[in-house]
Amino acid sequence: MGQPGLNRRQLLAAAGGVAVAGSFGFAALGSGADALAAGDRTRVRYWNLFQGGDGANQVAMVDAFRAEHPDIAVKDATLTWGNPYYTKLAMAAAGNRAPELAVMHQGRIPGFAPGRLLDPWDTGLLAEYGVREADFNPVLWQRGVVDGELYALPLDIHVQLSFYRKDVCERAGLLDADGRLPAATSPDDWFAVLKAARRQLKDGVQTLGLHANDQNFCWWFFVAFYQQLGGTYFTDDHTDVTFDTDKATEILEFFRKHITDGYVTVGATDGEAFLAGSPFTWEGNWSVPYFNSQKVEYGAQPLPPVFGKPATHAESHSFILPHQAGRGGAANEDAYRLAAYMVTHATTWANGGHVPAYLPTFEDPAYLKLAPQNEYSRPAMDHPATEPHIWFAGSTGILAQRVGPIVAASNLGSAKPDAAARRMKAALEQLLAAKNPMDGLTAAQELKGAGA
C-alpha cells in the first residue's frame, strides 16, 4: 500500500486547526525509549486518549496484558484528547511514523481516509485471537466497516444517560417496586416526573442538569431524540439532505420548555448540582466513577424515550491500525493480540461506566454486579442513537461544532426553535457540499469512489 499523499496544511485543516505547531513533535514515539524493546521482545507502540479514571482502567488492562505476554513490550502513550490527538495521529500516519495500534472514536472513521491513513483489520487474524463479528452488536460492528473492510474494532459504546437520585424520587413516589424509575414515554409523562420531583426541593435547587449551553451535549441530546422520532439526515448516496425541520422543531421546543418552565438553571455545574441534591442530570456514562465515589444512592438509564422509540446517543471507542507502509510481521501480530485482549477483557474497562462492545462480557458475573451499569447497559446497547456515518461527524467533529451551537441558541432563547431548525438544515447542506480535507472529496464523491 502506497504512502498517503497528504500535506501538513490538509491535516491541520482536517483537525480544525486547533493544535499549535509545537504540538506536532513525536516525543511519544521517541527513539530513546525504544530500548525497552531490546533483546527478543517485540515492541508494540500504542496511542490512546484516555485520561482520568479511563486512563487508570486502561493502564490496568495494559499491565495485565504485559504480565501475560512478557515477550511483548507495549509502549503506550496517552495524548491530548480531542482534535490535537487526531491531528497528531494523522500526521504520524502520513509521515510513516504511526504506532502499531491506536484508539479512535468510531464516528471519526469515515473522515479519516480509510485505506490511506488507516489500514484495515484482518478479520481472519482477529478470529485467531478470539475476536469474531458474531460477538458484537451487528449495527456497532458495521459502523466500523468502510467499502467492505473493517477499520474500527469496537471496545465499548459510551452513551448519554439520565441519572436520578433515589432519595428525591422515592419521596416523590416515583420509584417502582424494584427501586427504579419507570421510563417516561411521552413529553407530558416526563414533565410530570420533573414536576413531582421539584415539589421535594428547596428553593434554588435545579430539577434537571441539561448542559443547555454546551455545544457537544446539546448535539448529543438532539441526536438521541431525533432518532426517537425516526429522523434522517442525508440520502443514502449522500447527494441530498433529508433533515426534517418539523421533527427538529419539536425536539428544540421540548428542550426549551425545560428552561422556560424553570426545571433547568442555565450555567449550573450540573454534575455537582446532582451530588448536592438536584434529582436529575443528563450526563455521559463516564460520570459513573465520579458519582460512585460520593455518598449518593442513584440510578441511571438511557435518555427517556419520550417520542416513542427508545434511543440514546452513543459513540464508541475503537481500536484502529494507523497506516504503516510496511505493516506486517511480529509487531503487527502482537498489536492484534493487544487489541483482542483489551476487547475480550472488558470488565475492568466497564468500571468506568462504558458499555462493553464484546457481548460475552454481559455474561461475566463480575460485570453483572456493577451498578448502575446493570441498569442501563443492555437497553443502551440495544438502542444506540449514532451520528450520521459521514466524514464530518464523530466525537469533537465538525458537525457538532457547527450544529451544536445552534441547538444551544434555541435552548437559551436567542433563536426560536423553528428558526434554529432551519439553520441546522442549512448547516447540513453546507457540510454535505464541503470537501473532506483528508482526501479532497465530498461525502457523495467518497461513496461513489468506494463503490467503484
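**Exercise 1. Locate Asp147 in this predicted model, state what is noteworthy about its phi, and decide whether Asp147 is buried or exposed.**

Solution. Begin with the position: Asp147 lies in the loop that links β5 (145-146) to β6 (149-150). Next, consider the backbone, where phi of Asp147 is near 50°, a positive value in a residue other than glycine. Finally, turn to accessibility: exposed means over 50% relative accessible area, and Asp147, at 55% relative accessibility, therefore counts as exposed.

**Exercise 2. Carry out the analysis for His211: where is His211 found, what is its phi, and is the residue buried or exposed?**

Solution. His211 is found in the loop between β9 (208-209) and α8. Its phi is near 50°, which is again a positive value in a residue other than glycine. For the last step, buried means under 20% relative accessible area; the value for His211 is 16%, so His211 is buried.

**Exercise 3. Describe how helix α8 and helix α9 pack, and classify the residues of their contact.**

Solution. Start from the geometry: α8 (residues 215-228) and α9 (residues 245-260) pack at an angle of about 125°, their axes being 10 Å apart. Because angles over 145 degrees count as roughly antiparallel and those of 65 to 115 as roughly perpendicular, this angle makes α8 oblique to α9. As for handedness, α8 passes α9 in a right-handed crossing. On the α8 side the contact is made by Cys218, Phe221, Phe222, Phe225 and Tyr226, and on the α9 side by Lys247, Ala248, Ile251, Leu252, Phe254 and Phe255. Sorted by character, the residues of this contact comprise 10 nonpolar, no polar and 1 charged.

**Exercise 4. Which strands are joined to β12 by bridges, in what directions do they run, and which residues of β12 are buried?**

Solution. Take the partners in turn. Strand β8 (residues 156-165) is joined to β12 by 2 bridges, and these two strands run antiparallel; here His158 stands opposite Glu315 in β12. Strand β15 (residues 384-385) is also joined to β12 by 2 bridges, but this pair runs parallel, with Thr312 opposite Pro384 in β15. Then examine the faces of β12 (residues 312-315): Thr312 and Ala314 on one side, and His313 and Glu315 on the other, are all buried, and both faces of the strand are covered.

**Exercise 5. Identify the configuration of the peptide bond from Ala371 to Pro372, and place Pro372 in the chain.**

Solution. Omega of this bond is near 5°, and the peptide bond is cis. Pro372 itself sits in the loop between α14 (365-368) and α15 (373-382).

Methods:
Residues are numbered from 1 along each chain as its sequence is written. This is a predicted model: local features need pLDDT of at least 70, side-chain atom pairs count only at pLDDT 80 or more; totals for chains, interfaces and linings use all residues. Side-chain values use heavy atoms; hydrogens and water are left out. Axes are lines fitted to C-alpha atoms, for helices over the stretch in contact, and angles run from 0 to 180 degrees between N-to-C directions. Helices (H or I, at least four residues) and strands (E, at least two) are DSSP runs, numbered from the N terminus. Angles under 35 degrees count as roughly parallel, over 145 as roughly antiparallel, 65 to 115 as roughly perpendicular and the rest as oblique. A crossing is left-handed if the near helix is turned anticlockwise from the far one by less than a right angle, and right-handed if clockwise. Contact means heavy atoms within 4.5 Å. Ala, Val, Leu, Ile, Met, Phe, Trp, Tyr, Cys and Pro count as nonpolar, Asp, Glu, Lys and Arg as charged, and the others, Gly among them, as polar. Buried means under 20% relative accessible area, exposed over 50%, partly exposed in between (1.4 Å probe, protein chains only). Two strands pair if DSSP finds at least two bridges between them.
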